[in-house]
Amino acid sequence: MADVYTTRRMEETEEKDHLMQLVGFMNGREMFGVDILMVQEIIRGAPITAVPNTPAFVEGVTNLRGNIIPVIDLRKRLNLPTDRQGTGKNWVLILDIAGRVTGFIVDAVTEVLKIERDAIEPPPEIVVAGLESQYVQGVCDIGERLLILLDFNRILLVEEIKRLKEVNMGGQRLSGAAG
Amino acid sequence: MIELDPSLISDFVVEAGEHLEEMESMLLRLAEDPANRDLFNAIFRPVHTIKGASQFMGLVRIAALSHKLEDLLDLLRQGKRPSSPGIVETLIVARDHLAMLVADLARSQTEETPVDHLIARLERIIEGREEVEDVEEPVEPVEPVESATLGVETPKPPSTVPPAPEMGTYEEEYDKELFAIFIEQLREKLAFLSAQAQRFATAPDQFEVLEQCLDSIRSLDSSANYMGYQALSLLYEQWCDAILAAQQAVALSQPVSMGFMETYVERVIQFFPQHGDRLPEGGEPPVARPVARTPAPEIAQDLLPKESLEDQAPPAPLGKPPVSAVEPAPAQPGPAVVERPEEPAAGPAWETEGERQKAEPSQEAGERVLKKSVRVDAHKIDILMNQVGELIVDRSYFFQLFNEMRNLQQYLKVNAGLDPKDMKLIRAFTYRFGEAIVSLSRTSNELQEGVMKVRMLPIAQLFNRYPRLIHDLTRGTNKQVQLEIRGEETELDRMIIEEISDPLIHLIRNAVDHGFETVAERKRLDKPPTGTLLLEAYHESNHIVIEMTDDGRGMNPELIKSKALEKGLFSREELERMSARELLRLIMTPGFSTAAEVTNTSGRGVGMDVVKKNIEKLNGTIDIESTIGLQTRIRLKIPLTLAIISALMVRVGDNLFTVPLANVEETLRIFAKDITTVEGTEVIHLRGRTTPIFRLSVLFDIPSNQREAGKFFVVIVNAGLRKLGLVVDELLGQEEVVIKPLVDYLQEKSGLSGATIIGDGRVSLILDVYELANIAMTRQVARYQELSLGRRKAAGEKTSYPATGRPN
């Protein structure tokens, strides 16, 4: 009994080791993926309160069952074209990035994907989908399209946001002075 | 022992814990007023309850101990046995043992702490076999077990207190066992002290060496006090003073001779002629026999600080032991001790009586708080809180439905052509629906408020722990400190209470150890012999302020300056530029010194950088004020994160902002013609004063939409010394809101102090008016400079990037 159990456990672990579960989502025509373990939940149509004097990609904050969490517009953050299709209720991926719970606005959430770890390739040197490669963890060919795995630790670089905010405040001062 | 139901045990632990807390606060009052029979009566009740519950549960030791305790208390409250400070100490030790047993239960579900000796001791007191007892309570209350054993065989008739602290000798007069322990400790400590004196010259950290010596001597002093050796205690006190003086010298980088150490060792040994050979025996550390290298006693006298010698001349006041230390019970107004404020027999005549009565109500307030408290898992409250938030969101949904219902009613009336009878039914329903929603709304509001308040606890929860701390800290030292507490009903979030507990203990320990002078020193300085430590809490805007003021020796900025210079932390020029206040803050610089070094130059410093770090972690600030020789005040200001504040809700464009009401002076409605522009800044004249106004829409770079053009709403806010107006589109009214923190990168330097969730579940940002004032003023300066630059340059030409326009 015990042996059978152990064996099954080992198989499971092995399977877990070479299979990776991803939450897939769309931004424009591109498909992205994020490790399911980082995804806390996915919400839709949450009212977002804008926070003044922040970098443009910080959409604001939202109330997630009593907790106030920042929301970042992923398109703006990645400098992708921002002509968002399908207005109405936005999708917000709530991710836990090293303890910082943060929401990311995406166009649509598709499905949970299982891919082989071996199938993930390092980010190519050339620019993928108009994306700076520093934010790309890897790419994976899933039949018809290319799935881009994002490195959210780089995307939520707090120091960078703080720096951007100061520049923003400086710009503010300029516009304030001009006005 | 019978198998116990774990849930019963945990109930018992919680209940007993409350009774024990109650007992502790009453016992401490009793320590000041040992003859108060009402207090015995009051303590009797919780003990009785604990006894009953523990017997029921089959908790043998708790039952036995509380039973004996109850018996003794019964005798005391009936006056059949005279009370004495010694007995009160025994009661405290017994309470501690009960607490330890309860802690054992909570941990392992069994009773582990041995209590037999204590029970035996209580029996002896009950039977009147043990007349006088002074329980050696350990400085560390964690292990009173050994010490209680130590105290068991301590019959000490009052007559053994030496009448005058003149040089004499001591030998094993009454209790061989105890005396042996005493001598053993003396031998160890003296060996240690000699060793320290020898390694002093080469020690890397001389201050620390002296600090360790101080600790040893104080511990010896407390033993001497315990034995009733007042002359010896006096000698120790002088020794401490000498070391303190040496520390001062070290701090000032003056040469220090440690010759006096051996002199003092020698003089201590002289007290015990019969044991002189036993004393300096080489123990663990390699010690040279002090006798060999000790100068003659006459020289030793010269080496003593002058004050110490003067102290010796009028020995009576110095011989006075510290508060709650050794007390010659049965408390007859003996001739030897007259000035003891806590002398029970002299109760009514004392001037402190008035003060005591003043203190009375607050103490009772503290007790009430304890009695009413219920222990709830904090996580449950958090969950409840969030659910209430969800309820509020649902409620606004109902409001929306109600509006739709009214529209439907209107629609039916106009389009469906219902006859008035049918229409009446629908109208009646809509009306009742409306009523129900109003009621729901009221109830949910109250629920929300109630749940929010559950998170808040009076700071009495924290302050009530400190009388005991001070009792323990001063016991066995030559200091007397009384704690005064104000504002203990001030509420703050329970999380913060936990977070500031350690820093406060640290500060209190510092004050007692270093801030206060010894009784002798205070008398010499013409100060009341008992120092006062004032702990005060109050709300200030959305902060709680906790002030700790001691009337001790204060801190000397000059000494701190020289120390900082010596440590190479700052250059002489930098230090010269610093104000006294800035200099005081230096003691909180990490690496300023290993604690002890500042400790004694200034009387402060042990781990102050750690305290500062802890307070700053809570977004709090710490401020130090000190007047040399008079007092030191430490002021902690901590935001009430998650606390409820009253706030004014305002609208700018589509955004709702929350202004803490504490910052709001008044609100005005003004017209465009009321605004004038001075040097690029808009101002209004408010009762003859020019007040700058800033448009929130401009500060935050968001669109504004006023209901009526040319009409503005201004919220006059108070930002420290400045008053300024914030222009908003609309005033929405006052609400109670819960402050929630924003993520750090959004909150820092943003003019926002957090956020709150409003009725419909949306988030409203809370304005930090101090920071906003800073931002506004900075921009004002920038704008002014740009304006003047612009005037000089050709019109229309772009000015440089505003970074150059920033002040500083």
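A residue counts as buried here if 20 or more other C-beta atoms lie within 10 Å of its own. Keep that cut-off in mind as you click around, and remember that this is a predicted model.

**Stop one: Leu149(A).** Select strand E11 of chain A, residues 145-150, and pick out Leu149(A). Is Leu149(A) buried or exposed? Leu149(A) is buried, because it has 21 C-beta neighbours inside 10 Å. Now show its contacts, skipping anything within four places in sequence: you should get Gly33(A), Ile120(A), and the run Val136(A), Gln137(A), Gly138(A), Val139(A) and Cys140(A). Then draw a C-alpha to C-alpha distance to Asp35(A): 8.2 Å in space, with the two positions 114 residues apart in sequence.

**Stop two: Arg75(A).** Stay in chain A and select helix H2, residues 74-77, where Arg75(A) sits. Arg75(A) is partly exposed, because 19 other C-beta atoms lie within 10 Å. For another distance, try Val106(A): it is 31 residues along the chain from Arg75(A), and the C-alpha atoms are 7.3 Å apart.

**Stop three: chain B as a whole.** Switch to chain B and colour by secondary structure; you'll be looking at 28 helices and 18 strands. Chain B has 808 residues, 39% of them buried. If you plot a contact map and keep separations of 6 or more, 70% of those contacts join residues 24 or more positions apart.

**Stop four: helix H19(B).** Select residues 494-515 of chain B, a helix of 22 residues. From first C-alpha to last it reaches 29 Å, close to the expected 32 Å. Where does H19(B) bend? Centre on Ser501(B), where the bend is about 35°, and look for Pro503(B), a proline that follows within four residues. Next, colour the buried residues of H19(B): among them are Ile496(B), Ile500(B), Pro503(B), Leu504(B), Leu507(B) and Ile508(B). While you have the helix up, recall that an α-helix has 3.6 residues a turn, so residues three or four places apart point the same way.

**Stop five: the H18(B)–H19(B) packing.** Add helix H18(B), residues 466-474, to the view. The axes of H18(B) and H19(B) are 10 Å apart, at an angle of about 35°, and the crossing is right-handed. Which residues meet here? From H18(B), show Tyr466(B), Leu469(B), Ile470(B), Leu473(B) and Thr474(B); from H19(B), show Ile505(B), Ile508(B), Arg509(B) and Val512(B). Colour that contact by residue type and you get 7 nonpolar, 1 polar and 1 charged. Ile508(B) and Val512(B), both part of this contact, are also buried.

Terms used. Residues are numbered from 1 along each chain as its sequence is written. Chains are lettered from A and ligands numbered from 1 in the order in which they are written. This is a predicted model: local features need pLDDT of at least 70, side-chain atom pairs count only at pLDDT 80 or more; totals for chains, interfaces and linings use all residues. Helices (H or I, at least four residues) and strands (E, at least two) are DSSP runs, numbered from the N terminus. The expected span of a helix is 1.5 Å times one less than its number of residues. The bend at a residue is the angle between axes fitted to the seven residues ending there and the seven starting there. A residue is buried if 20 or more other C-beta atoms lie within 10 Å of its own, exposed if 12 or fewer, and partly exposed in between; C-beta atoms are placed from the backbone. Axes are lines fitted to C-alpha atoms, for helices over the stretch in contact, and angles run from 0 to 180 degrees between N-to-C directions. A crossing is left-handed if the near helix is turned anticlockwise from the far one by less than a right angle, and right-handed if clockwise. Two residues are in contact if their C-beta atoms, placed from the backbone, lie within 7 Å. Ala, Val, Leu, Ile, Met, Phe, Trp, Tyr, Cys and Pro count as nonpolar, Asp, Glu, Lys and Arg as charged, and the others, Gly among them, as polar.
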